[in-house]
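Work through the two exercises below with the sequence and the model at hand. Each task is followed by its solution.

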Amino acid sequence: MARKRMLFSFLLLFSILLTACSAKTPGVDSPEFDQAQSEFIEELNIENIYASLNELTKNPRVAGTSSEMRAAAFLTVQLKAEGYEVAVQPFDFERYVIPESQSLTVEGFAGPLSPAPFQYSVDGNVDGQLVDAGYGLKKDYKKIDVKGKIALVAVDKTAFSELVLLASEVGAKAILLYFPDELEIDKWTLGKEHFKEFIPALALTYDDGTKLVELVKNGSPVNAAVKIKGARIDKVASQNLIVTKHPTLEVNDDIILIGAHYDSVDEAPGASDNASGTAVVLELARMFKAVPTNKEIRFLFFGAEEEGLHGSEKYVSALTKDEIKRSAAMFNLDMVGSADAGDLAIQTIDGADNTVTKAASKANEALNGDPIETDFGDRSDHTPFHNAGIDAALFIYDPVEEWYHTPEDTIEKLSKDRLVNVAKIVGTSVFELTFSGMIEE
Ligand code: BES
Ligand code: ZN
């Protein structure tokens with residue numbers, strides 16, 4: 001009896017397998033595929049993209065502000081209306097707040113001094129003797145005593161933060177750094193790594209620095225006062241939005257990711273950077289909703305990119321090893337609509353081709369007649385994915401427009417054709433990568 005049942009089960013399994021193998025599913029080279037793909041692309045609606053752009057660009061969307069939060073709420077409502085579940089991934093990051101005031105007064109020095117803080121200068125209110133500490137290196141401090149005093153240091157090649165730490169180690173209470181003229185002010189950062197170990201530090205022009213050295217060299221001790229007020233590190237809260245489209249057929253474990261950051265810099269409506277990428281990813285999510293796919297697709301909306309890729313770093317750090325292994329391709333859309341930028345570029349961290357660039361170049365060839373050569377570029381959210389070993393690339397019109405990160409980054413300066421172009425290239429690529437062989441009637 002048992003043997004009979006076994007034979008029956010075997011025959012049943014065999015016949016199921018036979019049917020499965022003979023039911024031919026069209027491949028990506030079939031006319032059925034071409035038909036399904038072009039029908040999918042026809043779904044693209046630029047009016048939807050502009051409706052999102054209008055909403056997103058009403059205010060700057062600075063990370064941690066209520067307007068970044070409002071943008072997230074808007075995206076959530078849209079995605080839910082399409083029938084998706086939206087997972088919110090909250091995270092904190094640290095933001096340095098520059099001092100509200102800083103000053104330097106030097107006894108016996110008549111002229112005005114206009115010291116500037118560094119990024120990551122710490123607060124302090126320090127009086128002490130001003131000492132010429134040369135280049136602020138270990139060997140300089142062997143010849144002098146700066147304990148409880150204010151060190152005056154000429155910057156040569158050593159990192160600012162190292163100079164501050166060296167002065168602190170020998171007991172200085174504050175440090176003034178002056179540089180040769182070529183150094184640019186926006187590079188004046190101490191980095192945040194050693195924030196807690198810093199002593200108050202201010203930057204001086206080369207002119208002011210050398211004048212103070214003269215004064216100090218003249219003989220009698222010179223006293224000075226350094227004041228820095230209001231510098232601090234704030235904890236800022238932001239969030240990513242994660243939408244998962246599960247595969248219709250369980251034939252492949254791979255995950256395809258499409259992402260864009262939705263925050264902007266202060267005072268910029270951030271139409272190009274990056275309401276453009278956000279609105280396109282939202283439209284792609286809508287278009288894919290009803291499409292049968294053989295792989296999981298995740299639509300990702302990152303917060304706090306502008307302040308150091310915090311959202312994408314958080315997203316990648318929360319992935320399991322298994323999810324990382326399954327993540328086959330990450331498409332990052334950042335600045336995908338500017339009418340005044342250069343041509344469409346596809347950038348990877350190492351400048352090498354990968355699953356994303358190959359699929360997109362092929363799609364561009366089909367849509368626009370030419371493949372796209374892969375460029376190098378690491379200035380956006382594809383970076384943490386690459387660092388985790390995931391094939392990732394940035395889609396960007398490059399070189400970027402002149403008003404990048406300014407209040408002039410407005411919706412009127414976007415091009416419908418350029419937005420549509422990227423939506424089609426990424427849509428076509430992902431359609432092909434996730435094609436299930438199931439054709440809707
Ligand atoms: N959208 C830009 C990236 C960008 C700008 C790429 C110009 C290529 C050319 C992005 O939002 C940005 O501004 N990134 C920061 C880096 C980030 C780590 C703070 C940048 O490039 O300064
Ligand atoms: Zn950006």
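Buried means under 20% relative accessible area, exposed over 50%, and partly exposed in between (1.4 Å probe, protein chains only). This is a predicted model, in which local features need pLDDT of at least 70, side-chain atom pairs count only at pLDDT 80 or more, and totals for chains, interfaces and linings use all residues. Residues are numbered from 1 along each chain as its sequence is written, chains are lettered from A and ligands numbered from 1 in the order in which they are written, and side-chain values use heavy atoms, with hydrogens and water left out.

**Exercise 1.** Find which residues coordinate the zinc ion (ligand 2), and state whether His-261 and Asp-273 are buried or exposed.

Solution.
1. Donors are N, O and S atoms within 2.8 Å of the metal (3.2 Å for Na, K and Ca); water is not among the atoms, so sites may look incomplete.
2. His-261 (NE2), Asp-273 (OD) and Asp-334 (OD, listed twice) coordinate the zinc ion (ligand 2) at 1.9 to 2.6 Å.
3. Along the chain, the donor spacing is H-x11-D-x60-D.
4. His-261 is in strand E10 (residues 255–261) and Asp-273 in helix H8 (residues 271–288), so the pair ties together parts twelve residues apart in sequence. Helices (H or I, at least four residues) and strands (E, at least two) are DSSP runs, numbered from the N terminus.
5. His-261 and Asp-273 are both buried.

**Exercise 2.** Sort the lining of the largest pocket into nonpolar, polar and charged residues.

Solution.
1. The lining includes Phe-93, Gln-119, Lys-192 and His-310. A pocket, on a 1 Å grid over the protein atoms alone, is an open set of points where a 1.4 Å probe fits, with protein on both sides within 12 Å along at least five of seven lines; lining residues have an atom within 4 Å of a point.
2. Ala, Val, Leu, Ile, Met, Phe, Trp, Tyr, Cys and Pro count as nonpolar, Asp, Glu, Lys and Arg as charged, and the others as polar.
3. The lining has four nonpolar, two polar and five charged residues.
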